[in-house]
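Please open the model in your viewer and keep the sequence panel visible. The stops below are meant to be selected in turn.

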Amino acid sequence: MGSERTRLRAVRARAPRVAGVVLAGLGLVVGLSASPAAAATEGDWINEGGPARSADALDTAWYNGQFVEIARGEDNRIWWRYGNRPWRLMPGNARTHVRPEAVAYPIRGASRFLVVFHTGDDGFAYYSFLQDPNSGRWSGWSRVPGSLRTHNRVAASYSDDGLTLSTIVNDRIYQQHMDYRDGQAHFRADWERLQSPLVLSMDVTDAFTFTQGNRSSTLQRA
């Protein structure tokens with residue numbers, strides 16, 4: 001585990017400035033206009049959020065030629081911006097105590113759609129689709145089907161088969177699957193618990209640190 005974490009830190013240190021934009025959200029709340037970034041040398045952290053503040057690193061996704069950035073504000077509401085514009089509150093008054101997740105997902109034979117997931121105060125996972133980034137129109141928040149409740153955040157990754165959602169409950173990984181077809185989202189009836197591994201933590205790199213036998217390893221989202 002130590003070598004894996006060292007490798008991850010080294011990767012972060014060599015990451016391009018775009019990664020700095022993503023993780024610079026460590027200081028991100030929101031609803032405040034961004035100010036121009038201060039001059040910095042290579043390797044320095046750059047303030048991309050103006051006076052905005054957040055308890056977590058923000059999440060970001062590339063959509064229609066611009067970054068969509070999502071963050072949990074100090075008020076535990078979900079804020080967003082598109083193309084480095086001023087921060088706006090997402091409709092629906094959703095609240096969360098963990099970092100929300102944004103995914104730009106290519107639909108087969110069509111353009112991308114962007115969906116945001118978050119863990120609500122009631123422990124259920126919710127999602128909302130960005131319908132128009134310029135006007136700020138989103139779909140209403142909908143609950144991910146299933147009986148699972150968690151105090152951890154939801155991580156999402158996609159493949160040709162759709163989106164896979166992952167979270168942790170009682171040191172176990174649970175997954176749900178979403179496929180977008182016929183103009184709507186389709187899910188499995190419930191979350192599925194993976195038989196192994198036993199999870200110790202899930203951090204902002206979307207890495208699951210787990211134990212199996214006497215060994216400790218890290219799985220990182222592609």
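Which residues does Trp191 touch, not counting residues up to four places away in sequence? Before selecting them, note that this is a predicted model, in which local features need pLDDT of at least 70 and side-chain atom pairs count only at pLDDT 80 or more, while totals for chains, interfaces and linings use all residues. Residues are numbered from 1 along each chain as its sequence is written, and side-chain values use heavy atoms, with hydrogens and water left out.

Now select Trp191. Its contacts (heavy atoms within 4.5 Å) are Ala125, Val144, Pro145, Gly146, Leu148, Val154, Leu165, Ser166, Thr167, Tyr174, Gln175 and Gln176.

Next, display the largest nonpolar core, that is, a set of buried Ala, Val, Leu, Ile, Met, Phe, Trp, Tyr and Cys residues joined through side-chain atoms within 4.5 Å. Buried denotes under 20% relative accessible area, with a 1.4 Å probe and protein chains only. This core has 20 residues, and those touching the most other members are Val115, Phe117, Tyr127, Val144, Leu165, Met178 and Trp191. Among the elements that give two or more residues to this core are β6 (112–119), β7 (125–132) and β12 (172–181). A second, separate core of 18 residues includes Val68, Ala94, Phe124 and Tyr126.

Turn then to the open sheet of four strands, whose order is β1-β2-β3-β4 with antiparallel pairing. Strands are DSSP runs (E, at least two residues), numbered from the N terminus, and two of them pair if DSSP finds at least two bridges between them. At the edges stand β1 (59–63) and β4, each with a single partner strand, so one side of each lacks a neighbour in the sheet.

Select β3, residues 78–82. Five of its five residues are buried, so the strand is largely enclosed by the rest of the structure. Ile78, Trp80 and Tyr82 cover one side, and Trp79 and Arg81 the other.

Add β2 (residues 66–72), which pairs with β3 over five bridges; here Val68 stands opposite Tyr82. In the turn of this hairpin, Asn76 has a positive phi of about 65°.

Finally, add β4 (residues 88–89), joined to β3 over two bridges, where Leu89 is the bridge partner of Trp79. Gly83, in the turn of the β3–β4 hairpin, has a positive phi of about 65°.

Note on methods
Buried means under 20% relative accessible area, exposed over 50%, partly exposed in between (1.4 Å probe, protein chains only).
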